[in-house]
Amino acid sequence: MAKSDELAEFQGWMKKNQDEINYWTTWLVFKAKKEGKTYSGAMRWLRKNRPDTLRSFHATATETFTSTITAMFDDATIKVRDEALGKEIKDND
């Protein structure tokens, strides 16, 4: 395999992973709303299930990947909050 083919394969792998991260973040939003029943419940569910990460500035690739997983939970929490805040206020609220 030529070096340019290997680079193209690596770039394809990166793109696939970015797409997967977006997909699973959206799934986390769906799952949290289903499990939490309310928006605040969904946000609690995300907080409860969010993995802990190491806080090292000189993280290895594996540690950085774990941070990506944590960021997906954070992004899902933001999406749930934004959706809740975007709801119309009813007359009796």
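# Helix packing and residue environments

At 18% relative accessibility, T77 counts as buried, because buried means under 20%. T77 is found in helix α3. Apart from neighbours within four places in sequence, T77 is in contact with M43 and L46. M43 and L46 are themselves among the buried residues of α2. The structure described here is a predicted model.

## Helix α1 against helix α3

Two packed helices are described by the angle between their axes and the distance between the axes. Helix α1 spans residues 3-36 and helix α3 spans residues 61-85; they pack at an angle of about 55°, with their axes 9 Å apart. An angle of about 55° is neither under 35 degrees nor within 65 to 115 degrees, so α1 and α3 are oblique to each other. Their crossing is right-handed. On the α1 side, the contact is made by I21, W24, T25, T26, L28, V29 and K33. On the α3 side, T68, M72, F73, D75, A76, K79, V80 and E83 take part. By type, the residues of this contact divide into eight nonpolar, three polar and four charged.

Which residues does T25 touch, leaving aside its neighbours within four places in sequence? The contacts of T25 are M72, D75, A76 and K79, and each of these is listed on the α3 side of the contact between α1 and α3. T25 lies in helix α1 and is buried, with a relative accessible area of 4%.

## Helix α1 against helix α2

Helix α2 covers residues 39-49 and packs on α1 at an angle of about 115°, with the two axes 7 Å apart. The crossing of α1 and α2 is right-handed. From α1, the residues in contact are L28, K31, A32, K33, E35 and G36; from α2, they are Y39, G41, A42, W45 and L46. This contact divides into six nonpolar, two polar and three charged residues.

Within α2, the residues G41, A42, M43, W45 and L46 are buried. What covers the buried residues of α2 includes α1 and α3. The contact of T77 with M43 and L46 is an example from α3.

L28 of α1 appears in the contact with α3 and in the contact with α2. Is L28 buried or exposed? At 6% relative accessibility, L28 counts as buried. Not counting residues up to four places away in sequence, L28 touches W45, L46, M72, F73 and A76. L28 and K79 are 51 residues apart in sequence, while their C-alpha atoms are 9.9 Å apart in space.

## The loop between α1 and α2

K37 is placed in the loop between α1 and α2. Most residues other than glycine have a negative phi. K37 is not a glycine, yet has a positive phi of about 70°. With a relative accessible area of 71%, K37 is exposed, because exposed means over 50%.

## Aromatic pairs

Rings of Phe, Tyr and Trp pair if their centres lie within 6.5 Å. By this rule the count comes to three aromatic pairs. In one of them, the rings of F10 and W13 have their centres 5.7 Å apart and their planes at 20°, so the pair is stacked. F10 and W13 both lie in helix α1, three residues apart, or about one turn of the helix. F10 is partly exposed, with a relative accessible area of 43%.

Y23 and W24 form another pair, which is edge-to-face: the distance is 4.9 Å centre to centre, with 85° between the planes. At 48% relative accessibility, Y23 counts as partly exposed. W24, at 38% relative accessibility, also counts as partly exposed. Y23, W24 and W27 form one aromatic cluster. W24 is also one of the α1 residues in contact with α3.

## Accessibility by residue

The table collects values for individual residues.

| Residue | Relative accessibility | Class |
|---|---|---|
| T25 | 4% | buried |
| L28 | 6% | buried |
| T77 | 18% | buried |
| W24 | 38% | partly exposed |
| F10 | 43% | partly exposed |
| Y23 | 48% | partly exposed |
| K37 | 71% | exposed |

Conventions. Residues are numbered from 1 along each chain as its sequence is written. This is a predicted model: local features need pLDDT of at least 70, side-chain atom pairs count only at pLDDT 80 or more; totals for chains, interfaces and linings use all residues. Side-chain values use heavy atoms; hydrogens and water are left out. Axes are lines fitted to C-alpha atoms, for helices over the stretch in contact, and angles run from 0 to 180 degrees between N-to-C directions. Helices (H or I, at least four residues) and strands (E, at least two) are DSSP runs, numbered from the N terminus. Angles under 35 degrees count as roughly parallel, over 145 as roughly antiparallel, 65 to 115 as roughly perpendicular and the rest as oblique. A crossing is left-handed if the near helix is turned anticlockwise from the far one by less than a right angle, and right-handed if clockwise. Contact means heavy atoms within 4.5 Å. Ala, Val, Leu, Ile, Met, Phe, Trp, Tyr, Cys and Pro count as nonpolar, Asp, Glu, Lys and Arg as charged, and the others, Gly among them, as polar. Rings of Phe, Tyr and Trp (its six-membered ring) pair if their centres lie within 6.5 Å; planes under 30 degrees apart count as stacked, over 60 as edge-to-face and the rest as tilted. Buried means under 20% relative accessible area, exposed over 50%, partly exposed in between (1.4 Å probe, protein chains only).
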